[in-house]
Amino acid sequence: MDTSTNDSNAAGTREASSARLIFGDLWEFDPAPESADPRIEPGYDLFIGGNNVPPKSGEHFDSINPANETVVSSIPEAGRADVDDAFQAADKAYRTVWSRMPGRERGKYLFRIARLLQDRAREFAVAETIDGGKPIRESRDFDLPMAAAHFFYHAGWADKLVYAAPGSTPQPHGVVGQIIPWNFPLLMLAWKVAPALAAGNCVVLKPAETTSITALKFAEILREAELPDGVVNIVTGGGETGALVARHPLARKVAFTGSTEVGKMLMRELAGTGKKLTLELGGKAANIVFEDAPIDQAVEGIINGIFFNQGHVCCAGSRLLVQESVSDRIVEKLKHRLAVLRVGDPLDKNTDIGAINSERQLGKIHELVRSGVLEGATLYQPACDLPETGFFFPPTLFTGVSQSHRIAREEIFGPVLSVLTFRTVDEAVEKANNTAYGLSAGVWTDKGSRILKMSTALKAGVVWANTFNKFDPASPFGGYKESGFGREGGLQGLLDYLNLDP
Ligand code: NAI
Ligand code: MG
């Protein structure tokens, strides 16, 4: 980070806040640490064919807590033979058990998994926060309830697949390979595993290397649910392991969530293989605020849109487009709001912004923020004491951003908001769509007709109106352009796990 810029800004903020921050100075929060036991093992095995299996590769790597850089657990690195074993187990389970089981029986397993996740929600939330750095408030109130909700929702589909595609006889693909990222580890698992199982597929899942623990704990839930052996297999490891999963000849479908770069590689690699592919990649969402918007509500939506999960969100509202007439007012309010965001210990229930998931991601954020300063945008960061160990980044706002700046084009995947302005509706649409991505967008206005117009004009898979980051398992999620293709959630997401003309 350019510290000189940072310091001058910090001084400015302190001055600004002394008038207002009586609250912050006198009402210091007591720490409110979460104390539930995450029940994390010091080391894990792979989960293959219903068993805990040490990796044939003999390799392990450490998963650390990004908030204090301590080792949390030792994670197995699955090699070629391990991934092959997982696919063989999945294939056997598919042929001998899962494909023969009536949907109503499959549904019972999904209901059971959902309930077990609810029973152990607090434990899983703490584990998620320790391994990945997200605030406990978010893992507790968002990740875990949503993960369970996805299993409940898809449980209901398992015996109703004929209604999902009237006139056809939908069939599962067989074994699917699934590769997930580190920003919502358990939730992305649920998004992938629940529809796959409901549709009758068996699974080989590869979690992200920095956040494998909740997936390995999920194996405990599968065992408790007595899911037949081999229906879900979990192979941990890095990108190499992911590539082995995608390339395996038994993978009839590959579902990937992660960077656009790896998504493109997978697309090239799978071309011509006959494998189905769905990709959920990056984003650079426009959050568009018109002058007639409910301003205070919009400010909260902007804050949530970019600082939720440290901005490690593919649909984050990272480009704020404000109508010129209200731009100064909104930026002023945003600065006040940034100054009271609490950055720090993810396990503290008062924390708003937790740890950046990895040192590598922190490096990427620093690099892009530096580029913003060098390219001439104006940086604002409130005075805030970051913890001395661990990976942290202050909430950051850039004004004076132009469309050509890297911070307006590239996914930062961090707590950094770029503010641009517009005058007319057409200009807002033009600027919002001027991106290689198309995952989500937000519109803030008092006019229903404008919402309808904007939601058609914006080339984004999800358009939120007068809200942001709202999710429901019944609602499909997915992108346009370089944000990928295929949907997750809802009927559309389910159909991506079914073969309609077998
Ligand atoms: P990544 O795309 O490398 O990682 C996502 C998953 O893909 C992980 O499980 C990883 O092990 C696996 N993977 C990596 N290389 C692979 C390969 N060749 N074949 C198969 N699987 C492979 O993303 P990374 O490097 O962790 O993050 C880089 C950037 O990507 C972030 O800064 C962010 O901009 C974006 N990203 C977007 C996500 C989203 O939700 N759309 C999630 C994670 C990252
Ligand atoms: Mg970790």
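This report walks through the two domains of a predicted model and the ligand that sits between them.

Start with the overall layout. The domain assignment splits the protein into domain 1 (46-281 + 483-499) and domain 2 (286-472). Their centres, taken over C-alpha atoms, are 30 Å apart. Where the two touch, domain 1 puts in 18 residues and domain 2 puts in 23 residues. On the domain 1 side, helix 5 (121-132) and helix 6 (136-157) are the elements that give two or more residues. Helix 6 has the largest share of that side, with four residues.

Now for the ligand. Both domain 1 and domain 2 give residues to the shell around ligand 1, so the ligand lies between them. There are 25 residues around ligand 1, and the ones that come nearest are P181, G239, G242, G258 and S259. As for secondary structure, helix 10 (239-247), helix 11 (260-270) and helix 14 (359-374) each give two or more residues to this shell. Which helix gives the most to the shell around ligand 1? That's helix 10, with four residues.

Here's how the ligand shell and the domain 1 side of the contact break down by residue class:

| Set of residues | Nonpolar | Polar | Charged |
|---|---|---|---|
| Shell around ligand 1 | eleven residues | nine residues | five residues |
| Side of domain 1 that touches domain 2 | six residues | seven residues | five residues |

So much for the classes; the picture to keep in mind is ligand 1 between the two domains, with helix 10 giving the most to its shell.

Terms used: Residues numbered from 1 in each chain as written. Chains lettered and ligands numbered in written order. Predicted model: local features only at pLDDT ≥ 70, side-chain atom pairs only at ≥ 80, totals over all residues. Near = placed C-beta within 6 Å. Nonpolar A, V, L, I, M, F, W, Y, C, P; charged D, E, K, R; others polar. Domains from an automatic or database assignment. Contact = placed C-beta atoms within 7 Å.
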